[in-house]
Amino acid sequence: MLAVFAKCLPALAHLQAIHLWKVGLTDETFLSLLSILPSCATLKTLALEGNPLPMRSFYKLISEETNLAHLSLRNNNIDDEAVLLMGQALSSLRGSNKNLVSINLSYNHITDVGATHIANGLRLNRSLLSLSLAHNQIGDEGATRLAEVLGPFALTHTEVVERRRLLLEKECQERCRLPQRHSETKSERPTSHLSNTAIDKLQAAKTTKATNKKKEPAKKEEKGQVSGAAVVQAAAAAQAKKDDAKQAKKAVPAADQKAVRGKGTKSGNKDKRTQVLEVEVTEPTEMVNPLLEPAEYRDGKVFLPGNRVLIYLNLMRNRITETGLKAFLATVEQQASRVTSGGRGPVGLLRLSLGKNSCPADSKTLARIQELMMLRDPLPKTGAATRAPEEELAAAL
């Protein structure tokens, strides 16, 4: 059947999603399916639910070579060892996945150890927006690790060393660019200066010749009489002055053109707008290494702002108690107090699901978290939607 898929799926020009629910995948057939995916250029969503693999090969779907944006691996008996490989695929010092937007790991066997592995993968990952860990075995320790990585966290020794290396490399690149800029400016300025002086000398020579020519006929002829040649020269000089005045009006500086509204300035404004649009489009494509983000230095440690890209986290039906809830409350308060940049809305979590855990339903900490998240949720539930179970939302994602 996979041999048939190898011929049919790449031929589908608009194939965007593949759902294989309990089809009996094995490690061998999974590798065959994995070899087909690069040929499906438009494929973005892959759901392999109910297909446990003994060799724990699911991490290969999160490699940098795949173009998948959405991955669902529910009910696959994924344990902590499998999650370790997934966390390393999400990010490491050598690189990180830049295509995966959402991953669903619900209904598996992930404990605090596995949650710690995922938290380590989120340290330097800046592409994942949605993560579902519902219906697992995560307790307070794993919840605390996940909460800590969403706020300012301290770098490890290896991360500090890598950060210094990247900073030195960046500084060397900037130093190499500076001499080139100086050489370009120096080469441009003398040429422009020489051209101006040459033009001035030529103009001065023309004026002296013109005055000499005017004086010679004046000496030969009587006073009050002007020859036809002098009249022609005077007319030519007057016309030259008019041309110079017109050219001077045309060569108005760019700073003055802003104040003048005319047909000529509209094209310039359009060019400037296109330049601004080009800058705005090209800048987001350049992903900066998270280790180069602005850092704070406290108590001899280097702190990064944390992962503020993840906007949805589902931890329903785990084993989180009041201790884990307090860790998330501190993170949510810290993100809520942060001022947004550029007016683009809140930074950090927009939806956090912590229901059905090992904490009382009337927990004040949980109520406070829900209150803060209600203000950040871009899609607040009202009316009948509030009575719908949250599991349906997690399954839809």
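**Exercise 1.** Which elements are included in what covers the buried residues of α10?

*Solution.* The structure is a predicted model. Start with the buried residues of α10, which are G324, L325, A327, F328, L329, T331, V332 and Q335. Next, look for what lies over them: the cover includes α5, β9 (312-314), β10 (351-353) and α11.

**Exercise 2.** Compare the end-to-end distance of α10 with the span expected from its number of residues.

*Solution.* The helix has 16 residues, and the expected span takes 1.5 Å times one less than that number,. This gives 22 Å. The end C-alpha atoms of α10 are 22 Å apart, so the distance agrees with the expectation.

**Exercise 3.** Describe the largest nonpolar core and the elements that build it.

*Solution.* The core has 70 residues. Those with the most contacts inside it are L48, L61 and F328. Elements giving two or more residues to the core are the helices α2 (27-36), α3 (80-90), α4 (112-122), α5 (140-149), α6 (157-220), α10 (322-337) and α11 (364-376), together with the strand β8 (301-304). F328 also appears among the buried residues of α10.

**Exercise 4.** Which residues does L61 contact, leaving aside its neighbours within four places in sequence?

*Solution.* On the N-terminal side of L61, the contacts are F30, L34, L37, L46 and L48. On the C-terminal side they are T66, L68, L71 and L73. L48 is, like L61, one of the residues with the most contacts inside the core.

**Exercise 5.** What percentage of the residues in the protein is buried, and what supplies the exposed area?

*Solution.* Buried residues make up 35% of the 397 residues. The protein exposes about 25,000 Å², of which carbon and sulfur atoms supply 57%.

Definitions and conventions: Residues are numbered from 1 along each chain as its sequence is written. This is a predicted model: local features need pLDDT of at least 70, side-chain atom pairs count only at pLDDT 80 or more; totals for chains, interfaces and linings use all residues. Side-chain values use heavy atoms; hydrogens and water are left out. A nonpolar core is a set of buried Ala, Val, Leu, Ile, Met, Phe, Trp, Tyr and Cys residues joined through side-chain atoms within 4.5 Å. Buried means under 20% relative accessible area, exposed over 50%, partly exposed in between (1.4 Å probe, protein chains only). Helices (H or I, at least four residues) and strands (E, at least two) are DSSP runs, numbered from the N terminus. Contact means heavy atoms within 4.5 Å. Accessible areas come from the Shrake-Rupley method with a 1.4 Å probe; for residues, only the protein chains shown count as cover.
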